[in-house]
2 protein chains.
Amino acid sequence: MPDIKHFDPDAALERAERLFWKHGTGSAESSVQAVTTATGLNRSSLYATFGSKHDLYLAALRRYLDHRARPAFRRLAEDQRGLPAIRDFFTALIDIRCTGEHSGWGCMFVNAHVDPQHNDPGVRALLDEHHRLLRDALRSALQTAVRLGQLATTHPIEGTAETLALLAYGINLRSRAGATAEELLGTLHSALAQLSPRA
Amino acid sequence: MPDIKHFDPDAALERAERLFWKHGTGSAESSVQAVTTATGLNRSSLYATFGSKHDLYLAALRRYLDHRARPAFRRLAEDQRGLPAIRDFFTALIDIRCTGEHSGWGCMFVNAHVDPQHNDPGVRALLDEHHRLLRDALRSALQTAVRLGQLATTHPIEGTAETLALLAYGINLRSRAGATAEELLGTLHSALAQLSPRA
DNA sequence: GTTATCTTGAACTCATCGTTCCAAGAACTG
DNA sequence: CAGTTCTTGGAACGATGAGTTCAAGATAAC
């Protein structure tokens, strides 16, 4: 008896995700009006499907985590090459941040730290989950590097993983201010050189 | 003949600075109405003194740079102790970010990277100036550390300064999501351990 | 085809946004 | 004290914010 949706909810969510990724929730370019324009659906369908704007933002964050961040983290964690895995993870990150369609957008989760809604419990939980996933993936790769005898230090790798996670945040952030890929790759090279044994 | 201002413009600017620091420009808590409430002056005086909201934000950023960031950078650059200077700079940073009045606010310039206005040329110029100042101060301190024979690496210190700058950004960012001082101090300790000669 | 149920479009609510305007008041000069 | 000029309070501007409502349209079950 019921009618069915005349659109693909996930396709609409993906459009909203990109809007919030680029502009956050506090910009005129990410108003509900802008979302309706970008997705092609109207207010009624939007609210009936996703609830409030805040709910939509949460869903968009979740989608970014599941569709963009988590796969990259998983590849990193499962890469058995050690330091080269970390290097490739960061070079791919820099490439995405500085070139192509999403250039200058930064990371949606880094941006979310500064969003007007960043203190909301739902947002905060996602921030923590994202951070934990990133740190753990780096720790796995570092663990592999230890196994392969690639690391110079004898310090616990927990701290190194956390340091690299913060480095990733810094890269994501600076890419929003127009930092070039060359610039960021140079910084990456320097940071990784600290990890390798002395020449 | 003319009347004079019935308030202290810099005191008002300081109030606005705190509002934009904590909430950015895109939040309901940093509306012009909120600024008038926080500063005690009304719209007319606000606009007559600072111009548009965007101009006020620029002035607030400039004030943060001159009154908060630059003095800390200068102390770091002029500190002749080398690595301990860098350590103290970061521990003071973490302290400010995690305890006291400004706890959880992060760094106004890190936040500005994500603000709706971050692509404005005036804002962008300030972001670059801030980044250059931070990086140069770290480079000066590292240079001193080299002179004192405190560094483990033979790599150029340019990259290390940039890496530490991005680490600072990461610390500032995570402090907004409730990262504890212990957590961040641990990460700092690990990062600095990479710089010191092996035990 | 009828009917029940969901979707959809568009008008609408009320609040707030940034900004402007103007009359009333205050302060310095002479 | 008179006169000039700026400041100040508060109302008002048009635009836009998020969210709701409801009749009209579409769909599938019977």
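This report covers the surface around DNA strand C and the cavities of a predicted model.

**Around the DNA**

Altogether, 25 residues surround DNA strand C. Those that come nearest are His6(A), Asn42(A), Ser44(A), Arg43(B) and Lys53(B). Sort the surface by class and you find 10 nonpolar, nine polar and six charged residues.

Which parts of the strand lie within 4 Å of the protein? Of those atoms, 59% belong to sugar or phosphate. The rest belong to bases.

Three polar pairs show both kinds of partner. The table lists them.

| Protein atom | Atom of DNA strand C | Distance |
|---|---|---|
| Polar backbone atom of His6(A) | Phosphate oxygen | 2.6 Å |
| Side-chain N or O atom of Arg43(B) | Base oxygen | 2.4 Å |
| Polar side-chain atom of Lys53(B) | Phosphate oxygen | 2.3 Å |

Three helices give two or more residues each to this surface: α3 (43–50) of chain A, plus α2 (32–39) and α3 (43–50) of chain B.

**Inside the protein**

The structure holds four cavities of 30 Å³ or more. The largest has a volume of about 210 Å³. It is lined by 15 residues. Closest to its centre are Thr163(A), Ala191(A), Thr163(B), Ala191(B) and Gln194(B). Elements giving two or more residues to this lining are α8 (157–175) of chain A, with α8 (157–175) and α9 (181–193) of chain B. The lining has eight nonpolar and seven polar residues, but no charged ones.

The second largest cavity has a volume of about 120 Å³. Its lining counts 17 residues, and Val114(A), Pro116(A), Val114(B), Asp115(B) and Pro116(B) sit closest to the centre. By class, this lining has five nonpolar, 10 polar and two charged residues.

Notes
Residues are numbered from 1 along each chain as its sequence is written. Chains are lettered from A and ligands numbered from 1 in the order in which they are written. This is a predicted model: local features need pLDDT of at least 70, side-chain atom pairs count only at pLDDT 80 or more; totals for chains, interfaces and linings use all residues. Side-chain values use heavy atoms; hydrogens and water are left out. A residue is near a molecule or strand if one of its heavy atoms lies within 4 Å of it. A polar contact is a pair of N or O atoms within 3.5 Å; within protein, one must be able to donate a hydrogen and the other to accept it, and residues adjacent in sequence count only if both atoms are side-chain atoms. Helices (H or I, at least four residues) and strands (E, at least two) are DSSP runs, numbered from the N terminus. Ala, Val, Leu, Ile, Met, Phe, Trp, Tyr, Cys and Pro count as nonpolar, Asp, Glu, Lys and Arg as charged, and the others, Gly among them, as polar. On a 1 Å grid over the protein atoms alone, a cavity is a set of points where a 1.4 Å probe fits but cannot get out, and a pocket is an open set with protein on both sides within 12 Å along at least five of seven lines; lining residues have an atom within 4 Å of a point. Grid points are joined across faces, edges and corners, and a volume is the space filled by probe spheres set on the points.
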